[in-house]
Structures are given as C-alpha cells and as structure tokens.
Amino acid sequence: MQFHHYGYVSENPRHHAPAGIGVDRPDELPDTMDVLIIGSGPAGMIAAAQLSMFPNVHTRLVERRPHRLGLGQADGIQARSVETFQAFGFATEITDEAYRITEMSFWNQDPEHPENIIRTGRPIDDEFGISEFPHLIVNQARVLDYFARFAANSPSQLTPDYGWEFVGLQISDDPENEEYPVTVELKRTMPDEEEYSRFVRTRYVIGSDGARSQVRRSINRKLQGDAANHAWGVMDVLANSDFPDIRTKCAIHSKHGSILHIPREGGYLFRMYVDLGVVPAGDQGAIRNTPLEAVIRKANEITHPYYVDVKEVAWHSIYEVGHRLVDAFDDVDLDINPDGHPRIFLTGDACHTHSAKAGQGMNVSMQDGFNIGWKLGHVLDGRASEELLRTYSGERQPAAQNLIDFDKEWSTLMATPLDQLEDPAAIEKYYVEAEEFAAGFLTTYEQNLITGGTEHQDLATGFPIGRRFKSHRAMRRCDANVLHLGHQHYADGRWRIYAFADTPAPGQPSKLTDWAHWLHESADSPVRAHTPADGDENAYFDVKVIYQQHYHDFDVTDAPAAFRPQVGPHRLKNLENVWSALKEEDIFDARGISREGAVIVVRPDQYVAAVLPLDDTQALADFFAPILG
C-alpha cells in the first residue's frame, strides 16, 4: 500500500487522516445527510465502506440493533468476495482466521447396507483454477467487523448509528428542486432509553434491511416467486463425532434425508443444514416450531452409522426454502416515468431471497452494495450525472435472477432422494460443473452507460467486457516485485485504465507513447478534463502501463509522464504504475492481449468496462463523455 505522499506517517497507515465530513463528523445522527443506509448487514456495510472513501459525501448508516452483530447467520465466502476483500484491504487477515474449503466429500446411501452412508466422491474445490483466491467459511459478523473498521479508518470516519429502526419514508413531489427530497421516519430502539420517533431528510436511501424490508414496502415493491415448500433445520454446533469427514464440507444423502455439512472457522465448530422434508399444505409456519432436539435426532438418523454428540449449540434456526425477487431494485417505475432518477435502492435480502445452501446470499448481497456504493459516491461527489444511478437495478436484478435460477437447481438436487435421481452422481457433477458460477465469476453486465460494446474484444479476449477483471501476475518495474496486477485495485472509487503497450521499446516512438501523451496533455483526455485542478494527477483515474519487454531492458523513467503521476503536497512522483510482463507467465499470452497493444478500462467495482485500441484515443474520450459529462 502507498502512504507518506501527504507527509511522513509513523502510525497505522490504514487509518486515513480525516477529510471532508470526517473532519467534524457529527457524533449524533443529524437532521440531514446525503445518503442514509438502512441496515448493517453485508450489503449495507460494504456500501457504507465504499461511500466512506468519498469524504465530500455525508453518509450515515442506521441499525435497529443496539450494537454490532454478535452472531451471523451467513458464513460462506466465495472467491469473488475474497477478491473484493482484497480491494478493501483485509483479504489476508480474514483468510487467516477462516476455514478454507479445499475439497468436498459426497456421501450417499450404501447399496449393500441401505441404512448406512458411504463416501462416494471427493472433488477438489476450484478444480479448474478459476481464481487465485480461496473459498472460505467465516462468521458473517466478522465480515461486518472488517468493513466497519475500513469505514471508521476512512477519510469520512464513518461509524454506524445503532438503535434506530426504519419506520417509513416520503419522497417530495418535486425531488429535483429540493436539496433533501426524502424524509425518513426513524424510531429509537436503544435499551434503557425512552422510545421516540424522529424525522431526518436525505438525498438517497439504501434499503439493506433484510427479507422483511420496510424500505421495500415503503416504495411498494414486492418479492415475487416460488412459495417455500421444503424445510431445513440449520445449527452451528460444538460436538463429538466419529464421522470421518467432520472437518470437511460434505453433501450427505441417506434414506432418511439430506445434510449439507460445513465446518466452521476455529477448528471445532461446524454447521449442519438438516433436511426436514416437504412442508405440508396448510402448515401455516408450524414447521418453524420444530424443536432443536428433533433436528439433532434427524441429523443422527441421516449420518448413520456415525453419531453426532452435540455438546453446545451456538445458533440454530428453521427455515423454508423460497425463491423470490423484486421486479426492480429501485423506486422508479419505468412504465410510468421512463426518464425518472431513482432515490431509493434495495440491496441484499430486501430484493432477493433464496436458500442458504448454495452459499451465495451474503456474497451476492455484497456485490449489490459495492455496485450502488461507488455509483452514489460518483454522483454526489459531482463526478457523474444522475444517469449513472439508473444502471444499478438494470445490472443487479439480472444477477440476482441468475442466482435464484442456480439455487433452485442446487437446492432441488440436495432435497431429492437418491433413488429419485437418474444419476446417483448428479449432485457431485453439478457441484463441479457450476464451480465458476458458485465462485462468483460469471456475473456479466450487459452494454449500458458504463459498460461498452464488444467490437474490440479480440484485442483482449481474456478480459471479457462486463465481467470482473481477472487478475494476472506481472513485474512492477520500480522495485522488481512480482505481484498480481488486479490486487492493486483498491476500493477507493477510482477508475482503472490499463494500457498494454505495443512492441517498440519503452521510450521509443510507438502507439503507446502517442496515447500516453494524449492522455496526459490533451484537453480531450478524460484525465485532463475531469481531474480536479487542485487534486492529485491520479485522483479519479489510476493509469498503469504494462510493457512486453523484460524489466531489465528499460528503466521506470523511460515510461511517459502519464504513468508517473504527481501526488500530494510535495508533488511526489508515483513510480508504481509502470509494469512489465513476465517471461515465464506472460500476461499478454495468458489474457489474449494483442501484441499491437490494447486499453482496458475497469470500473471502480472491478468490472471490465471497455476494451479499446491504443491508436483510437477518441474511443476512450467517447466512452467517458456520457458518464462524467
């Protein structure tokens, strides 16, 4: 990480100096703000963390609980989420404390002794090398803690306002002409305090308040989809067992039902999703009253001939699988108001619900929050027009629909008795074949304001437009460190522009040097046109070059000035944006990049926005013009 460029730092460099709203941030919830986030779950916390990097934007997060979450329900962390944690600076820490999934065991009914189960398969996790990041299991509460720490250490010094419950909201009849057009009613819920209501006003609201979202109801959005028809008991337990894979993720099918078994962090705790069968018609929720003892008894029936001797239950619940989705993730009815700009946004369980067994809920919810966070930051910071906000629902609603489709297949397979499957290995095969989706890397955003067309995709076939930027190792020239290029993409709200050079040597005339001169000097350049006059040269755009030559064949000073931006009050030159391809694992070969060069534009949330030719500067100017205005 970089620091000292604003002066010598002797303490924790991850703690930013206060700026903007962070300088005199009100301790108590004020009457007005730019963004009000309702709910401190994964979607709300990542949105807050991202917005905290925009100190000119006053963001508040309210939570009805009186304190941090003590025990999280979600625990599965896909590789894409760990990649996101890398952008927020805590991937290594959370990996160290998490349980890491390396393989999954499949247990099925023993054909010779049907009352018993036997192991039938052990596929490794990420068999195809989809990501350099691991698949983890860790308590949701710890994920929220890390995001909370990031936000508190940000220039905004953002911390949650606990003990406030959302009651309702009202949008002004003329929102474009009011500074704070959304009025929100909140109720005080702190123990030992008198309950009372108050009203605050804001420009935008993010509803991250769960499946029973009051924000969703307040804008007349409804979850629609399949009713729940299958029940599961879930419990986090400390137990003794002779089951040989007690510390391995397992899918278990027996004559008595199914279990999804997931070891938890810490070496002893594990979670079991125990099949309780089809919910009878007219049940009216009675299945939710199933006693814990019955769930434990059922778990022992399913795992026979092995036993599970439960010593302590940290958390348990009964839930029914339902798959529901709202038709839009914001408050604009396009049929009535096709040109309207949204003010209210839904994230996470507030707009999509599904089973927990696919391990996707928290992960997809965080991508909701990441997506809307940087967009609101850009609009409220004056970097982009309100048109940007219209892309949120259009991008995240289809992503949630894909998740629900996947979860329907997976949860149905898990609940189907083995003798009803055409192929006894169907569950194992589906698990392996769906790895890339399950890891979070198949989300694809269609062409829109911030995602370009595919007319130049052949210049970089390994960076599909609309998909997340797939990192690869390269050599940072200034210090000869071999690092993952994508791991330098921090959640600071900046766009990334990667210039992959053509063949002439650094310092020699080339398409790259012409492009870099235009980017640095031309009034048409988005960097020149939109970087604040009093800001660092890389304030809005992080521009890197990757040369084809060996790093010993040139010096960092051979690179054009566009790749050595001046930063901080001393106008120090940033030398870390000049890179070289590795001979033994060339990024040009690995990602299908043309030897004639290419420009890759990456959004603040790590998704590839455009692939452009080096010799077409107008294409880059045209891409950013409608976004940044």
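These legends walk through several close-up views of one predicted model.

**View 1. A network of salt bridges links five charged residues.**
Let us begin with charged side chains. Side chains of opposite charge can pair when their charged atoms come close. In this model there are 41 salt bridges, and the network shown here joins Asp75, Asp236, Arg264, Glu265 and Arg271. Which residue pairs with Arg264 at 2.8 Å, N to O? The partner is Asp236, and the two side chains meet in a salt bridge. This pair ties together distant parts of the chain, 28 residues apart: Asp236 belongs to strand β13 (residues 230–241), while Arg264 sits in the loop between β15 (257–263) and β16 (270–278). Arg264 also has a salt bridge with Glu265, where the closest N and O atoms are 3.1 Å apart. Are Glu265 and Arg264 buried or exposed? Both of them are buried. Arg264 counts as buried because its relative accessibility is 1%, and Asp236 counts as buried because its relative accessibility is 1%.

**View 2. Asp75 and the residues it touches.**
Stay with the network for a moment and look at one of its members, Asp75. You can find Asp75 in the loop between β2 (59–63) and β3. Its relative accessibility is 5%, so Asp75 counts as buried. Which residues does Asp75 touch, if those up to four places away in sequence are not counted? They are Leu136, Ile137, Val138, Ile262, Arg264, Arg271, Tyr273 and Met362. Two of these names, Arg264 and Arg271, will be familiar from the network in the view above.

**View 3. Helix α4 and its packing partners.**
Here is a helix whose length you can check for yourself. Helix α4 covers residues 140–152, which makes 13 residues. At 1.5 Å a residue the helix should span 18 Å, and its end C-alpha atoms are indeed 18 Å apart, so the two values agree. Which residues of α4 are buried? The answer is Gln140, Ala141, Val143, Leu144, Tyr146, Phe147, Phe150 and Ala151. These buried residues pack against α1 (42–51), β3 (76–77), α2 (79–87), α3 (91–97) and α7 (361–380).

**View 4. Ala350, a buried residue in a loop.**
Ala350 is found between β19 (344–346) and β20 (352–353), in the loop that joins them. With 0% relative accessibility, Ala350 counts as buried. Not counting residues up to four places away in sequence, Ala350 touches Gly207, Asp209, Gly210, Ala211, Ser213, Arg216, Leu223 and Val326. For a sense of scale, Asp368 is 18 residues from Ala350 along the chain, and the C-alpha atoms of these two residues are separated by 11 Å.

**View 5. A nonpolar patch on the surface.**
Now for a look at the outside. Which residues form this nonpolar patch? They are Met1, Phe3 and Tyr490, which together have about 270 Å² of accessible area. Phe3 lies in the segment before β1 (32–38). Because its relative accessible area is 32%, Phe3 is partly exposed.

**View 6. The span that UniProt lists as residues 444–627.**
In an unreviewed entry, UniProt lists this span as "domain: Phenol hydroxylase-like C-terminal dimerisation". In the model, the span is 17% helix and 21% strand, and its end C-alpha atoms lie 20 Å apart. Within these residue numbers you can find Arg496 and Asp492, which form a salt bridge with closest N and O atoms 2.8 Å apart. Both Arg496 and Asp492 are buried.

**View 7. Helix α14 and strand β29.**
Helix α14 (residues 617–628) has 12 residues and reaches 17 Å from its first C-alpha to its last, close to the 16 Å expected. The buried residues of α14 are Ala619, Leu620, Ala621, Phe623, Phe624, Ile627 and Leu628. They pack against several elements, including β23 (495–500), β28 (598–602) and β29. Strand β29 (residues 608–612) holds Ala610, which counts as buried at 3% relative accessibility. Leaving aside neighbours within four places in sequence, Ala610 is in contact with Ile465, Val599, Ile600, Val601 and Phe623. After α14 comes Gly629, with a positive phi near 70°.

Terms used: Residues numbered from 1 in each chain as written. Predicted model: local features only at pLDDT ≥ 70, side-chain atom pairs only at ≥ 80, totals over all residues. Heavy atoms only, no water. UniProt positions renumbered as here; feature names shortened; annotations may be inferred. Helix = DSSP H or I, 4+ residues; strand = E, 2+ residues; numbered from the N terminus. Patch = residues over 30% accessible without salt bridge, like charges linked within 9 Å, V, L, I, M, F, W, Y side chains within 5 Å. Areas by Shrake-Rupley, 256 points an atom, 1.4 Å probe, with all protein chains shown as cover. Salt bridge = Lys/Arg side-chain N within 4 Å of Asp/Glu carboxyl O. Buried < 20%, exposed > 50% of the residue type's maximum accessible area, 1.4 Å probe, protein only. Expected span 1.5 Å × (residues − 1). Contact = heavy atoms within 4.5 Å.
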